[in-house]
Amino acid sequence: MDISHDSKLIVTCSSDKNVKIWGLDFGDCHKSIFAHDESVMQVAFERNDTREGEGKPTHYFWTVGKDKMIKYWDGDKFELIQKFEGHHGEIWALAVSNHGKFVATGSQDKSIRIWEKLDEPVSLNDRWISVCY
């Protein structure tokens, strides 16, 4: 689980393939999302301050799962923004850099991938690159 940078939301993940977004003010479940085809192993909020051009805090978060997928979500709209493939085994670990420019994932395939947000996106699918270690 993780708590948003503004302490308004908590996001949890589970082996039942769901991600739940909770309000910290009343403890209510805002949304339950069928997020992955297999167990969701870890979830983490992006620690950015504001949405570009809007000056408003975001609640973007990341999930990884046993289905070998990395997914990027909008916790306010409850929508999938983007998904990534690259690992050849279950993904067990996730870490997001302070400003959301890098995401690190660790997998059963014995690799660590660093995903870097590019400054000049060509298209939605080309916004990120992955380096395998």
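This report describes two sheets and two nonpolar cores in a predicted model.

## Sheet β1 to β4

Four strands form an open sheet in the order β1-β2-β3-β4, and their pairing is antiparallel. The edges are held by β1 (2-3) and β4 (29-34); each has a single partner strand, so one side of each lacks a neighbour in the sheet.

β1 runs antiparallel to β2 (residues 9-13), and two bridges join them. Asp 2 has Val 11 of β2 as its bridge partner.

## Sheet β5 to β8

Another open sheet of four strands, also with antiparallel pairing, has the order β5-β6-β7-β8. Here β5 (40-45) and β8 (79-85) are the edge strands; because each pairs with a single strand, one side of each is left without a neighbour in the sheet. On average, neighbouring strands of this sheet are turned by 20° against each other, direction ignored.

Five bridges join β5 to β6, and these two strands run antiparallel. Among the residues involved, Gln 42 has Val 64 of β6 as its bridge partner.

## Nonpolar cores

The largest nonpolar core has 12 residues, including Ala 44, Tyr 60, Trp 62, Val 64, Ile 70, Phe 84, Ile 91 and Trp 115. Two or more residues of this core come from each of β6 (60-65), β7 (69-74) and β9 (91-96). A second, separate core has 11 residues, among them Leu 9, Ala 35, Phe 61 and Trp 73.

Val 64, a member of the largest core, also has contacts beyond its neighbours within four places in sequence, including His 36, Ser 39, Gln 42, Met 69, Ile 70, Ile 91, Leu 94 and Thr 105.

Methods. Residues are numbered from 1 along each chain as its sequence is written. This is a predicted model: local features need pLDDT of at least 70, side-chain atom pairs count only at pLDDT 80 or more; totals for chains, interfaces and linings use all residues. Side-chain values use heavy atoms; hydrogens and water are left out. Two strands pair if DSSP finds at least two bridges between them. A nonpolar core is a set of buried Ala, Val, Leu, Ile, Met, Phe, Trp, Tyr and Cys residues joined through side-chain atoms within 4.5 Å. Buried means under 20% relative accessible area, exposed over 50%, partly exposed in between (1.4 Å probe, protein chains only). Contact means heavy atoms within 4.5 Å. Axes are lines fitted to C-alpha atoms, for helices over the stretch in contact, and angles run from 0 to 180 degrees between N-to-C directions.
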